[in-house]
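This briefing is intended for a reader who has the sequence and the model at hand. Please keep both in view while going through the points.

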Amino acid sequence: MNRRKYIYPILIVIVTIVFYYAEDYLDGRRSFSDKTTEDINTAGFYYLPTSTTGVVVVHNHYSLSYSEKHEQAEWVAYELKKEHLSRNDFKRPFFVEDKKVKSSSADWRNYKKSGFDRGHLCPAGDRRFTYEAFEETFLTSNITPQNHEFNSGIWNDLEKKTRYWASRYDGVYVVTGGVLSDGLETIGYEHVSVPKYFYKVILDNSSKYPKMIAFLMPHKDTDGSLKKYVVSVDEIEKLTGIDFFKALDDSIEDKLEASSSGSGWKF
């Protein structure tokens, strides 16, 4: 009889703990695509696109959708505010695996002697306002194999132009990544895919009349005006299966994503 006096309270505590962590686990597994537009805006994830993998990782200064099949992010998304722009010259940290990716992001050693750069998707240059933000860009979930001439050439030009627009338009939303598909070349023992194309989609939502611009670039040493690589967001969506800026009103989204003119963007 005395045993029962203690057993029942203990059982109640155990059951309570189980339900608490089960609920927490399910909440963590919930996809952003299950949230309403109001939920996304309230949570500060207004700019997140859909994930084709279901593996969305939220960091302090950017978010990503990880593709285990390709061992890299299918997209990295972040807001680049005018006040984020900084010339802080921090010491470059080491690349480390992203512990938030449950399957583990690719080891940086896959890139050794591969002939490819460890190309940032969210550039370190966009996150120089604190060392913590800068360091976060060196997680391997935020890198992709890039040809050096491409990485330091036309792609670098686009990253600089994005920072220029963030300054001019008082902040922009950015989504970027490689076009991931079957049959790509791979590097390293974990078979990290090497994209043939890279894209960047940028939204300026700072005024009454939002505007959007998208770039699709072949992964090779190339030059010429950035305007040459402007395409419609619709075209990138068809290539990737990703729905960008889905929280926008449908009528606005459809109009912006169909345009490939780059109208209104100061080059």
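The points below go from the chain as a whole to its sheet, its helices, its cores and two individual residues.

The model described here is predicted. Its protein chain contains 7 helices and 11 strands. Of the 267 residues in the protein chain, 48% count as buried. Among contacts with a separation of 6 or more in the protein chain, 68% are between residues 24 or more positions apart.

**The sheet**

- Seven strands form an open sheet in the order β1-β2-β3-β6-β9-β10-β11, and their pairing is antiparallel.
- Strands β1 and β11 (230-231) stand at the edges with a single partner strand each, so one side of each has no neighbour in the sheet.
- As general background, strands of a sheet pair through backbone hydrogen bonds, in either a parallel or an antiparallel sense.

**Strand β2 and its neighbours**

- Strand β1 (residues 56-58) runs antiparallel to β2, and 3 bridges join the two.
- Within this pairing, valine 56 has serine 65 of β2 as its bridge partner.
- The connection from β1 to β2 is a hairpin through 4 residues.
- On β2, Ser63, Ser65 and Ser67 point one way while Leu64 and Tyr66 point the other way, and all are buried.
- Because 5 of the 5 residues of β2 are buried, this strand is largely enclosed by the rest of the structure.
- Strands β2 and β3 are paired in the antiparallel sense over 5 bridges.
- Serine 67 has glutamine 72 in β3 as its bridge partner.
- A hairpin with 4 residues between the strands is formed by β2 and β3, and glutamate 71 in its turn has a positive phi of about 55°.

**From β3 across the sheet**

- Strand β3 is joined to β6 by 5 bridges, and the two run antiparallel.
- Tyrosine 78 stands opposite valine 174 in β6.
- Helix α6 (residues 233-240) lies across β9, β10 and β11, and its direction is at about 50° to β10.

**Helix α5**

- Helix α5 (residues 154-168) consists of 15 residues and reaches 21 Å from its first C-alpha to its last, close to the 21 Å expected at 1.5 Å a residue.
- Its buried residues are Ile154, Trp155, Leu158, Glu159, Lys161, Thr162, Arg163, Trp165 and Ala166.
- Aspartate 170, just after α5, takes a positive phi of about 60°.

**The nonpolar cores**

- The largest nonpolar core has 41 residues, of which Val76, Trp165, Phe215 and Met217 touch the most other members.
- Two or more residues of this core come from each of β2 (63-67), β3 (72-80), α5, β6 (172-178), β9 (197-204) and β10 (211-218).
- Helix α5 gives the largest share of this core, namely 5 residues.
- Beyond residues up to four places away in sequence, tryptophan 165 touches Asp170, Val172, Ile202, Ile213, Phe215, Trp265, Lys266 and Phe267.
- Apart from the largest core lies another core, of 21 residues, among them Tyr47, Trp75, Val175 and Phe245.
- In soluble globular proteins generally, nonpolar side chains tend to be buried together.

**Lysine 100**

- Lysine 100 is found in the loop between β3 and β4 (117-120).
- With a relative accessibility of 48%, lysine 100 counts as partly exposed.
- Along the chain, lysine 100 and valine 56 are 44 residues apart, while their C-alpha atoms are separated by 9.5 Å.
- Leaving out residues up to four places away in sequence, lysine 100 touches Val57, Val58 and His59.
- A polar atom of the lysine 100 side chain lies 2.8 Å from the backbone oxygen of valine 58.

**Glutamate 79**

- Glutamate 79 lies in strand β3.
- Its relative accessibility is 26%, so glutamate 79 counts as partly exposed.
- Glutamate 79 and tyrosine 47 are 32 residues apart in sequence, and the distance between them in space is 7.7 Å, C-alpha to C-alpha.
- Not counting residues up to four places away in sequence, glutamate 79 touches Tyr47, His84, Arg127, Val172 and Tyr173.

Terms used
Residues are numbered from 1 along each chain as its sequence is written. This is a predicted model: local features need pLDDT of at least 70, side-chain atom pairs count only at pLDDT 80 or more; totals for chains, interfaces and linings use all residues. Side-chain values use heavy atoms; hydrogens and water are left out. The expected span of a helix is 1.5 Å times one less than its number of residues. Buried means under 20% relative accessible area, exposed over 50%, partly exposed in between (1.4 Å probe, protein chains only). A nonpolar core is a set of buried Ala, Val, Leu, Ile, Met, Phe, Trp, Tyr and Cys residues joined through side-chain atoms within 4.5 Å. Contact means heavy atoms within 4.5 Å. Two strands pair if DSSP finds at least two bridges between them. Axes are lines fitted to C-alpha atoms, for helices over the stretch in contact, and angles run from 0 to 180 degrees between N-to-C directions. A polar contact is a pair of N or O atoms within 3.5 Å; within protein, one must be able to donate a hydrogen and the other to accept it, and residues adjacent in sequence count only if both atoms are side-chain atoms.
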